[in-house]
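Q: I have a structure in front of me and do not know how to read it. Where should I begin?

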Amino acid sequence: MRVSPTGALQEAGARLLLGGAADLGIEGLLEALEQAMPDHTGALEHLREVHRQAELTGTDLLAQSPWAQGILGMMRTVETADDHDLCHAAHICTRASCVLEVAMRCTPGKPEIYAYLTADEMWRRWALVGGILREEGAPSLAAVALNTYQYLADPEWAAELDRYLSFMYSLLVAFGYTGSPGDGTQC
């Protein structure tokens, strides 16, 4: 029986969510992506090659994913976090999301802001991969929750998000933004 493209991704997502990266593996993920995106063979081959090269250096990129331990590992990380650390992580991740939203509202009139934002490695590691760039509503809350977990679980990533947050603030100041995130002020 042939599985639909959406079904292939749902099955892979469920395995990743429940069992973590070790249960799915990169080949399982790539197979699901191939079924879901048959017209993107070049991009998928590039992704496969990136993972191959990482393996040669002893790095498992999938194991670095916030989903590496599955939802049980994520829950364990959040449940065992010190209350202060958990509140701090949620605060920083929410603030960073809001500041990015303000910066993105400024980009139509000041495209240099977008150029600076996207040139930084955290653009890819956080804004794109972390699902922060979104429409209003539940996806933003889910992304902040996932990023809060990642902030708690990966001190290096947390330090980079702290740095990127400061960078975003300095960009806004450098380009004349005088409001504060959430007050509705435009650039």
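A: Take one residue and place it. This is a predicted model, and Leu29 lies in helix H2, which covers residues 21-36.

Q: Which residues does Leu29 touch, leaving out those up to four places away in sequence?
A: A contact here is a pair of heavy atoms within 4.5 Å. By that rule Leu29 touches Leu24 and Leu62.

Q: How far apart are Leu29 and Arg15 in sequence and in space?
A: These are two separate distances, so read each in its own unit. Leu29 and Arg15 are 14 residues apart in sequence, and their C-alpha atoms are 9.7 Å apart in space.

Q: How many helices and strands are there in the protein?
A: Count each kind of element, then read their order. The protein has nine helices and zero strands, and from the N terminus the elements run α-α-α-α-α-α-α-α-α.

Q: What share of the contacts in the protein joins residues at least 24 apart?
A: Start from the contacts between residues at least 6 apart in sequence; 67% of these join residues at least 24 apart.

Q: What share of the residues counts as buried?
A: Buried means under 20% relative accessible area. Of the 187 residues, 32% count as buried. The protein's accessible surface is about 10,800 Å², and carbon and sulfur atoms account for 58% of that area.

Q: Which residues make the nonpolar surface patch?
A: Leu18, Ile71, Leu72 and Met75 make a patch of about 380 Å². Helix H4, residues 70-80, gives the most to this patch, with three residues. Leu72 has its place in helix H4.

How values were computed:
Residues numbered from 1 in each chain as written. Predicted model: local features only at pLDDT ≥ 70, side-chain atom pairs only at ≥ 80, totals over all residues. Heavy atoms only, no water. Helix = DSSP H or I, 4+ residues; strand = E, 2+ residues; numbered from the N terminus. Patch = residues over 30% accessible without salt bridge, like charges linked within 9 Å, V, L, I, M, F, W, Y side chains within 5 Å. Areas by Shrake-Rupley, 256 points an atom, 1.4 Å probe, with all protein chains shown as cover. Salt bridge = Lys/Arg side-chain N within 4 Å of Asp/Glu carboxyl O. Buried < 20%, exposed > 50% of the residue type's maximum accessible area, 1.4 Å probe, protein only.
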